[in-house]
Amino acid sequence: MEIIHSFASYIDQYKRSIENPEEFWTEVANDFHWRKNWDSVLEWDFHKAEVQWFKDGKLNITENCLDRHLPTCANQTAIIWEPNDPSEASIHITYQELYVNVCRVANMLKANGIQKGDRVCIYMPMIPEVAYAMLACARIGAVHSVVFAGFSAGSLIDRINDAGCKLVLTSDGAYRGDKVIGLKSIIDEALEKCPTVERVIVAKRTMSRVAMKPGRDVWWNDEVKKVTDSCAAEEMDAEDLLFILYTSGSTGKPKGMVHTCGGYMVFTNYTFRTAFQYQERQVYWCTADVGWITGHSYILYGPLSAGAITLMFEGIPSWPDMGRFWHVIEKHRVNIFYTAPTAIRSLEKAPLSFVKQYDLHSLKVLGTVGEPINEEAWHWYHENIGHGKCPVIDTWWQTETGGFMISPIANITKLKPAYATLPLPGIQPAVMDENGNELLANGVEGRLAIRFPWPSMARTIYGDHQRFKDTYFSTFPGKYFTGDGCKRDDEGYYRITGRVDDIIIVSGHNMGTAEIESAIDEHSAVCETAVVGYPHDIKGQGIYAYVICYDRPHEEDKLRNEIRELVAKIIGPIAKPDKIQFVSGLPKTRSGKIMRRILRKVAEGDTSNLGDVTTLLDPSVVDEIKAGAI
Ligand code: PRX
């Protein structure tokens with residue numbers, strides 16, 4: 001499929017993708033290496049939440065990310081690895097080297113008992129081995145479940161047990177700015193409650209002393225020496241599982257989103273090349289962690305299947321100083337830079353001299369993802385980082401969608417600050433009102449749904465198809481519901497306004513309020529909790545917890561600290577509440593439902609119009625909450 005090169009060709013491809021989706025996606029899919037072609041392009045039923053793309057097509061995604069580039073690009077860099085500490089050397093890994101390493105790690109997994117279909121948990125820092133690990137799983141048909149290395153033992157236990165992982169890949173520790181995080185000890189704590197794990201393979205990164213459990217734990221370096229570096233790729237069906245990735249739900253435990261091989265490959269590749277207009281040999285840098293979907297789709301699978309040069313960064317934007325991103329861009333002459341609004345907002349607060357000391361003229365395209373970007377941050381990014389010349393590609397998508405859905409196409413779509421702009425080919429958005437009617441005109445605001453399947457959509461929630469159906473396909477029968485609110489302006493441009501459910505996005509990380517509430521409730525002094533989001537200058541949203549204790553606390557700050565530490569331990573430091581207000585009651589309806597609307601308003605600092613509170617069980621708690629707001 002020819003890449004879109006003008007606005008007219010966008011309109012043409014979009015039209016074709018809607019009028020004849022099967023023909024359109026066949027043409028895109030024909031650009032890949034399939035061992036056997038599919039028998040049907042698409043089978044679907046949104047009422048049953050069932051979708052299959054390229055059924056009976058046979059492939060291996062790593063043949064498309066690695067083997068097929070070797071005849072022409074073996075010596076071209078595939079991954080540039082930039083370490084946490086700028087004084088340590090960066091590494092250029094060619095496609096040939098990546099191929100060899102992936103094959104070796106694939107053989108290491110096999111030698112340690114892993115077969116097609118087995119689930120492997122990956123809990124690792126951003127080091128080259130994590131890329132080898134993911135691709136090695138894909139090579140042998142094992143299903144990877146990457147858990148972000150900032151999550152705690154409690155979160156690991158839920159995820160490892162839900163997926164029934166047999167093996168864990170980890171490292172001794174991780175560097176994060178000037179801190180060292182003991183990943184292996186977190187794994188050790190988690191595995192006391194994970195009966196399915198038989199083997200742990202530990203890569204060395206920080207050289208920290210770690211405990212190794214005999215019979216269970218082995219060193220990566222020793223294991224890779226025992227195997228050869230040739231490993232034939234397993235033949236996978238297009239609909240076989242490629243990976244599980246957990247995302248927060250508005251209720252209950254995290255949801256293991258299931259992505260499959262064929263459609264995911266086709267769509268992440270197509271959207272990567274289209275939205276960023278990637279040109280051969282450009283250096284592309286996505287600052288996400290591989291623990292999130294952005295890292296899966298747009299550090300590894302999308303760019304590598306396109307034969308791109310993808311930069312992997314181990315560190316953080318603020319260390320050794322607030323100029324680190326800009327230093328890395330100069331150092332590696334980055335052409336396409338893709339980051340999160342929260343990072344932009346925090347870097348915007350630093351003196352401009354951190355930006356000005358670096359030469360950023362290599363940049364051609366900028367991107368953002370993860371949450372709505374405010375206009376001010378958009379302009380700062382556009383002017384100071386892109387010198388007013390680089391388009392800002394505001395990509396709206398989700399863990400569940402696998403790839404970009406609504407996004408400008410670089411240098412083709414006219415931009416509008418804070419707008420994700422127009423749907424990519426194949427994507428059919430629908431704006432719905434509260435009663436479930438589709439708003440067909442422009443100039444409307446409502447809830448965002450998707451009318452028709454696209455190849456990289458999640459197929460189910462691992463082990464719980466009913467929950468998949470209930471969460472995504474029951475709100476608007478026959479449509480996929482995103483959980484986001486949006487505006488469609490007079491030109492048909494989309495602006496995503498944020499979540500309309502009980503998920504909050506803190507520094508670009510998706511979190512369920514219910515999950516944080518149940519962590520806080522674990523504290524012995526706590527009787528009940530309600531958590532809401534509130535606008536936060538840098539993080540986008542902050543976490544505000546209203547907590548009822550059995551006895552009025554004597555030392556409130558001490559208890560606040562204990563609660564924060566407890567949440568960090570159970571979920572991870574990213575879920576620590578920013579504000580904790582102790583209250584004697586929560587605003588509840590007579591049927592016992594917490595009126596979160598009121599709590600959100602108070603947390604926002606807007607108590608002028610709380611709406612009708614007379615239907616509450618005890619309206620007087622509202623005054624107390626207002627008076628004690630932080
Ligand atoms: O609310 C939307 C927001 O992030 C949610 C998805 O989060 P997650 O599954 O963690 O995936 C993040 C990386 C794709 C969405 O429901 N979101 C994501 N991108 C944008 C966004 N909100 C506004 N604009 C965006 N560009």
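1. A residue is called buried here when its relative accessible area is under 20%, and exposed when that area is over 50%. The model under review is predicted. In these terms, helix H8, which spans residues 183-191, is mostly covered, with seven of its nine residues buried. The buried residues of H8 are Leu 183, Lys 184, Ile 186, Ile 187, Asp 188, Ala 190 and Leu 191. A lysine and an aspartate, Lys 184 and Asp 188, thus appear among the buried positions of H8.

2. The ligand site deserves attention next. The ligand is surrounded by 18 residues, the closest being Asp 394, Thr 395, Thr 399, Asp 484 and Arg 499. By residue class, the shell around the ligand consists of seven nonpolar, six polar and five charged residues.

3. Several polar contacts to the ligand can be listed with their distances. A ligand nitrogen lies 2.6 Å from a side-chain N or O atom of Asp 394. A nitrogen atom of the ligand is also found 3.1 Å from a polar backbone atom of Gly 370. Gln 398 places a polar side-chain atom 2.9 Å from an oxygen atom of the ligand. Of the 540 Å² of accessible area that the ligand has on its own, the protein covers 96%. Two or more residues of the shell come from each of helix H11 (293-305), strand S20 (392-395) and strand S26 (494-499).

4. Helix H11 merits a separate remark. All 13 of its 13 residues are buried, so H11 is largely enclosed by the rest of the structure. Gly 307, which follows H11, has a positive phi, near 70°.

5. Aromatic contacts are the next topic. The model contains 47 aromatic pairs. One of them joins Trp 25 and Phe 267 in a tilted arrangement, with 5.7 Å from centre to centre and 50° between the planes. Trp 25 belongs to helix H2 (residues 21-29) and Phe 267 to helix H10 (residues 261-276), so this pair ties together parts that are 242 residues apart in sequence. Both partners are enclosed: Trp 25 is buried at a relative accessible area of 1%, and Phe 267 is buried at 0%. The two residues also belong to one aromatic cluster, formed by Phe 24, Trp 25, Trp 34, Trp 38, Trp 53, Phe 54, Phe 267 and Tyr 270.

6. Why does the model show zero disulfides? A disulfide requires two cysteine sulfur atoms within 2.5 Å. For Cys 73, the closest cysteine sulfur, in Cys 65, is 13 Å away, too far for a bond. For Cys 527, the closest cysteine sulfur belongs to Cys 549 at 8.3 Å, which is likewise too far for a bond. The surroundings of these cysteines can be stated as well: Cys 73 is buried, with a relative accessible area of 16%, whereas Cys 527 is partly exposed at 39%.

7. Two side-chain contacts to backbone nitrogens may be checked in the model. Ser 17 lies in helix H1 (residues 7-19) and is buried, with a relative accessible area of 1%. The side chain of Ser 17 reaches the backbone nitrogen of Gly 426 at 2.7 Å. Gln 282 lies in the loop between H10 and strand S16 (283-286) and counts as buried at 13% relative accessibility. A polar side-chain atom of Gln 282 is 3.0 Å from the backbone nitrogen of Gln 279.

8. Backbone geometry calls for a closer look at a few positions. Most residues other than glycine have a negative phi, and most peptide bonds are trans. The peptide bond from Trp 319 to Pro 320 is cis, with omega near -5°, and Pro 320 lies in the loop between strand S17 (309-313) and helix H12 (324-332). Asn 411 has a positive phi, near 65°, and Ala 418 has a positive phi, near 75°. Asn 411 is located in the loop between S20 and strand S21 (429-432), and Ala 418 is placed in the loop between S20 and S21. Is each of these two residues buried or exposed? Asn 411 is exposed, with a relative accessible area of 62%, while Ala 418 is buried at 5% relative accessibility.

9. A final point concerns Leu 70, which is found in helix H4 (residues 70-73). Leu 70 counts as buried at 18% relative accessibility. Leu 70 and Leu 156 are 86 residues apart in sequence, and their C-alpha atoms are 37 Å apart in space.

Key:
Residues are numbered from 1 along each chain as its sequence is written. This is a predicted model: local features need pLDDT of at least 70, side-chain atom pairs count only at pLDDT 80 or more; totals for chains, interfaces and linings use all residues. Side-chain values use heavy atoms; hydrogens and water are left out. Buried means under 20% relative accessible area, exposed over 50%, partly exposed in between (1.4 Å probe, protein chains only). A residue is near a molecule or strand if one of its heavy atoms lies within 4 Å of it. A polar contact is a pair of N or O atoms within 3.5 Å; within protein, one must be able to donate a hydrogen and the other to accept it, and residues adjacent in sequence count only if both atoms are side-chain atoms. Accessible areas come from the Shrake-Rupley method with a 1.4 Å probe; for residues, only the protein chains shown count as cover. Helices (H or I, at least four residues) and strands (E, at least two) are DSSP runs, numbered from the N terminus. Ala, Val, Leu, Ile, Met, Phe, Trp, Tyr, Cys and Pro count as nonpolar, Asp, Glu, Lys and Arg as charged, and the others, Gly among them, as polar. Rings of Phe, Tyr and Trp (its six-membered ring) pair if their centres lie within 6.5 Å; planes under 30 degrees apart count as stacked, over 60 as edge-to-face and the rest as tilted.
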